[in-house]
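Subject: Structure for handover

Hello,

Here is the structure I said I would pass on. My notes on what turned up in it follow below.

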Amino acid sequence: MPAPRPVVAALLLLPLAGCVAGMVAGAAGMAAREAQGRPQSNAALAPQARAACTARAAPLGTVAIIDVVQDSVDRLTVWGTVTGASGRQSFECRFTTAITAFKLRPIPARAGSGH
């Protein structure tokens, strides 16, 4: 005896219920992100990021900026080195509208370089 048509229709639509729930959740998440507003790009702040990170590293010695990278829509990372009394070190400086993080790492002397 064949299954009644409403049962067959319900069984065929069952997999779609998960898709609909996923679409509803996705739309709710998108609405929440839109309510927060979109972050503004700070790419135009690259010169300020370079200057601020240079000023932060300057008390440690002579600063050389290697690169300024736009990591995300609202975050820049300035990479550089500083050479001072404690030797040469690399730094990573995170910047949004001001410095948010500054990491300093020693650069090991190369064998046979005389340093």
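**Contacts of V78 and the core**

Leaving aside neighbours within four places in sequence, V78 is in contact with A49, R50, C53, I65, D67, V68, F91, E92 and C93. Please keep in mind throughout that this is a predicted model.

V78 also belongs to the largest nonpolar core, which has 9 residues. Its other members are A49, C53, A57, L76, F91, C93, F95 and F102. At least two residues of this core come from each of α2 (46–57), β2 (75–84) and β3 (87–95).

**Overall layout**

The protein chain has 2 helices and 4 strands. Read from the N terminus, the order is α-α-β-β-β-β. Of the 115 residues in the chain, 14% are buried. The exposed area of the chain is about 8100 Å², and 65% of that is supplied by carbon and sulfur atoms. Among contacts with a separation of 6 or more, 33% are between residues 24 or more positions apart.

**The aromatic pair**

How many aromatic pairs does a search of the whole structure find? The search gives 1. The pair is F91 with F102, and it is stacked, with 5.3 Å centre to centre and 20 degrees between the planes. The angle counts as stacked because the cut-off is under 30 degrees. F91 lies in strand β3 and F102 in strand β4 (residues 99–106), so the pair links distant parts of the chain, 11 residues apart. F91 and F102 are both buried, and both are members of the core described above.

F102 has a further partner in R56: the charged end of R56 sits over the ring of F102, 4.2 Å from the ring centre.

**E92**

Is E92, a residue of strand β3, buried or exposed? E92 has a relative accessible area of 5%, so it is buried; the cut-off for that term is under 20%. The side chain of E92 makes a polar contact with the side chain of R94, at 2.8 Å. Apart from neighbours within four places in sequence, E92 is in contact with T77, V78, W79, A101, F102, K103 and R105. That list includes V78 and F102, two residues of the largest nonpolar core.

Regards

Definitions and conventions: Residues are numbered from 1 along each chain as its sequence is written. This is a predicted model: local features need pLDDT of at least 70, side-chain atom pairs count only at pLDDT 80 or more; totals for chains, interfaces and linings use all residues. Side-chain values use heavy atoms; hydrogens and water are left out. Buried means under 20% relative accessible area, exposed over 50%, partly exposed in between (1.4 Å probe, protein chains only). Contact means heavy atoms within 4.5 Å. Accessible areas come from the Shrake-Rupley method with a 1.4 Å probe; for residues, only the protein chains shown count as cover. A nonpolar core is a set of buried Ala, Val, Leu, Ile, Met, Phe, Trp, Tyr and Cys residues joined through side-chain atoms within 4.5 Å. A polar contact is a pair of N or O atoms within 3.5 Å; within protein, one must be able to donate a hydrogen and the other to accept it, and residues adjacent in sequence count only if both atoms are side-chain atoms. Rings of Phe, Tyr and Trp (its six-membered ring) pair if their centres lie within 6.5 Å; planes under 30 degrees apart count as stacked, over 60 as edge-to-face and the rest as tilted. A charge sits over a ring if NZ of Lys or CZ of Arg is within 6 Å of the ring centre and within 35 degrees of the ring normal.
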